[in-house]
Amino acid sequence: MTPVEPMIDAHTTSAPEATGRPVAPALEATGLVRSYGDVRVVDIDHLKVEAGEMLAVLGPNGAGKSTLFRLLALLESPDSGRISHFGMPVSHRDLAARRRTGTVFQRPFLFQGKVHSNVSYGLRLRRLPRAEIRERVARALELAGVAGLAKADVRRLSGGEAQRVALARALVLEPDILFLDEPSSNLDPGLRRRFRDDLRRIVEQSGTTAVLITHDRTEAMSLAHRIVLMKEGRVVQQGPAEEVYSRPRDAFVADYMGVETIWRGFVEHEVDGLCSVRVSGSHVVEALAEAEVGEEVGVAVRPEDVVIARATQGEPPATSARNRWSGAVVSVRVSGPLADIWIDLDGVLLHAVVTRPSVLELGIEPGARVLASVKATAVHLLTDREEGYH
Amino acid sequence: MEIFTQSIAEAVRLVASFDRYVFQVMGLSLKVSGSAVLIGLVIGLPLGVWLGLSRFRGRAILVALVNTGLGLPPVVVGLFVMMMISRKGPLGFLSLLYTPPAMVIAQVILATPYITAITMSAVGSIPREVRLQALGLGASRIQALMVVVKEARLSIMTAVIAGFGAVISEVGAVMMVGGNISAGGENKTRVMTTAIVQEARMGNFETAMAFGLILLAMAFAAVFLMTRLQGGPRSGWVKS
């Protein structure tokens, strides 16, 4: 390194940042690899979490999420790779770094004894004065919604209470980074929603940076600012939650994010970003997307973007949607206020979601002829290009 | 049947009247076996935690060795210790043969495998996330291990009781290295089990039965305590 370089660095980094130094990400991991035997369970080029942000690591079972969790939370050492917190390199041997974090696991894993002694555990390790411990424990229990349980024996808690105590036990540390491994997946559906709502409120209020591991896309979408989707130890897509949801980069992401209709086809024409994709002999889909003529693509259509009308003998209903297909209803499944409908469009299957009243109103039943319309902007093309895979 | 009723009545009288000889022998029994279990705990607890939580090459062999230790015949252990400390043995210069410390050494060898084996399975049965959870709350490696041991404490107490029960009732090892010496009103190395052998052989069934009753009472208390400990409500993490 020549002595000139640092001066250039100083100049280029400070010039655009009039307010001061650029803020380092709260958590950054580079080249993180962990193998068990011959299997690379985690193999991540780059991952970062900005300060104050909640990142969801989403993926199916066996994607390596929990191993990644243990690596990021400094509970286990990677085979190779670097992790930094706020720009400072850290490792699992770094007790001081670990003490700036808090973790909550899928099961509460409360230690035998009283709720109070569980929540105060981390503070006692940090040798804080008694009065401060008492005050912070009370505040954390209050925040987690279990203020009345301080003196309860952990064996007497319900599943939901126990998980809230586990949350309080981590929150009481006022961590710089909060790590949550499937914190709500062991709770009953009703409890789960309340737990999530409270979790979002708490994390937002405290401004804590958080990493949430989950296999539940609804949880990821409702809590996280950004999503990292993992498969077989690798990151498949990383970006703002809304982007991963609406612009999945391949068939796996689309499928995982709830798109059930993915057709294979090739681009026939392209004019000003409007692509015509031939899906089958008679079937052409118009999509507003970036693709090249002749390219093989996946065509993803979200079920909620499909508008259904009853096919009538006369005029088709007025609509601005570029894609209008007629077909026959194959099956209808009503669950709660919504209904899933599968429509056969001359050999290709389309999945749509409509409200329960419209099913009755339109007389949708197996065999009924319907008209499905989808806007060109709602069709997403999946290309198998490799770039941007991290 | 008279022999039973008579000796039991006499045994109760001996115990109730705090007979000096009976209490001297009982005291030495408790001292020797108690010390052996305490030393066994100092060795077996860390060893059991280590074997229970770590995975390494050769662990299976060590575990097999520990489990074999559960079936060590006391008289063989006695023989081994006797040879080590006899005048011609490698530790002969310590002049330990026929002293209480020799008996303690033999019983440590018998008690340690119990404590190691039960500790091993006890800490092994605590979910590994408990240790990770402690680490995640800011515990050092040692502090996290302490949490696991604390969670397993009931089973570890069972280990201590089982070890104590095994050594206080064995006769082979203490007989070999202690020699069952009691002379001139002064008890040197006689414990309850060796006393039972001695008194019965001399026809003093009442005294032998007194020691038998005390041993039985202790065994009962130990088993009662163990079932109470094991049958108690389980810890919080068992529940989801």
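**Exercise 1. The contact between two domains**

How much area is buried between domain 1 of chain A and domain 2 of chain A, and what percentage of that area do carbon and sulfur atoms give?

*Solution.* Keep in mind from the start that this is a predicted model. Begin with the bounds: the domain assignment of chain A gives domain 1 as residues 27–246 and domain 2 as residues 251–382. The C-alpha centres of domain 1 and domain 2 of chain A lie 39 Å apart, and the contact takes 15 residues from domain 1 of chain A and eight residues from domain 2 of chain A. The area buried between domain 1 and domain 2 of chain A is about 990 Å², and carbon and sulfur atoms give 68% of it. On the side of domain 1 of chain A, the residues that lose the most area to domain 2 are A:Arg217, A:Leu229 and A:Tyr245, which together account for 48% of what that side buries.

Next, look at the kinds of pairs that cross this boundary. The count of salt bridges between domain 1 and domain 2 of chain A is zero, whereas six residue pairs are found in polar contact across the interface of these domains. Finally, name the elements: α9 (217–223), β9, β10 (234–240) and α10 (241–246) of chain A each give two or more residues to the side of domain 1 that touches domain 2, and β9(A) gives the most to that side, with four residues.

**Exercise 2. The contact between two chains**

Describe the interface of chain A and chain B by its residues, its buried area and its polar pairs.

*Solution.* Start with the residues: 30 residues of chain A are in contact with 27 residues of chain B. Then turn to the area, for the size of an interface is often given as the accessible area lost when the parts come together. Between chain A and chain B about 2500 Å² is buried, and carbon and sulfur atoms give 54% of this area. A:Phe109, A:Gln112 and A:Arg155 supply 27% of the area that chain A buries against chain B, which is more than any other three residues supply.

For the polar pairs, the count of salt bridges between chain A and chain B is zero, but 10 residue pairs are in polar contact across their interface. On the side of chain A that touches chain B, at least two residues each come from α3, β6, α5 and α7 of chain A.

Helix α6 of chain B, residues 128–136, adds a further detail, since its buried residues include B:Val130, B:Leu132 and B:Leu135. The buried residues of α6(B) pack against α2, α3, β6, α5 and α7 of chain A, together with α7 of chain B. Just after α6(B), B:Gly138 takes a positive phi of about 105°.

**Exercise 3. The largest nonpolar core**

Which residues touch the most other members of the largest nonpolar core, and why does this core lie between two domains?

*Solution.* The largest nonpolar core has 97 residues, of which A:Leu68, A:Leu72 and A:Val119 touch the most other members. The largest share of this core, seven residues, comes from α7(A). Domain 1 and domain 2 of chain A both give residues to this core, and therefore the core lies between them. To see one member more fully, take A:Leu72, whose contacts beyond four places in sequence include A:Leu27, A:Ile83, A:Phe179 and A:Val211. Apart from this core lies another one, of 33 residues, among them A:Val277 and A:Val301.

**Exercise 4. Salt bridges, buried or partly exposed?**

Take three salt bridges of chain A and decide how accessible their residues are.

*Solution.* The structure holds 25 salt bridges over all chains.

1. A:Glu50 forms a salt bridge with A:Lys48, the closest N and O atoms being 3.5 Å apart. A:Glu50 has a relative accessible area of 30% and is partly exposed, and A:Lys48, with 29%, is partly exposed too.
2. A:Arg226 forms a salt bridge with A:Glu53, with the closest N and O atoms 2.9 Å apart. A:Arg226 lies in strand β9 of chain A and A:Glu53 in the loop between β2 and β3 of chain A, so the pair ties together parts that are 173 residues apart in sequence. The cut-off for buried is under 20% relative accessible area; A:Arg226, at 16%, counts as buried, and A:Glu53 counts as buried at 11%.
3. A:Glu76 forms a salt bridge with A:Arg70, the closest N and O atoms being 2.6 Å apart, and both A:Glu76 and A:Arg70 are buried.

Methods. Residues are numbered from 1 along each chain as its sequence is written. Chains are lettered from A and ligands numbered from 1 in the order in which they are written. This is a predicted model: local features need pLDDT of at least 70, side-chain atom pairs count only at pLDDT 80 or more; totals for chains, interfaces and linings use all residues. Side-chain values use heavy atoms; hydrogens and water are left out. Buried means under 20% relative accessible area, exposed over 50%, partly exposed in between (1.4 Å probe, protein chains only). Contact means heavy atoms within 4.5 Å. A nonpolar core is a set of buried Ala, Val, Leu, Ile, Met, Phe, Trp, Tyr and Cys residues joined through side-chain atoms within 4.5 Å. Domain bounds come from an automatic or database domain assignment. Buried area is the accessible area (1.4 Å probe) that two parts lose on being put together, summed over both. A salt bridge is a side-chain nitrogen of Lys or Arg within 4 Å of a carboxyl oxygen of Asp or Glu. A polar contact is a pair of N or O atoms within 3.5 Å; within protein, one must be able to donate a hydrogen and the other to accept it, and residues adjacent in sequence count only if both atoms are side-chain atoms.
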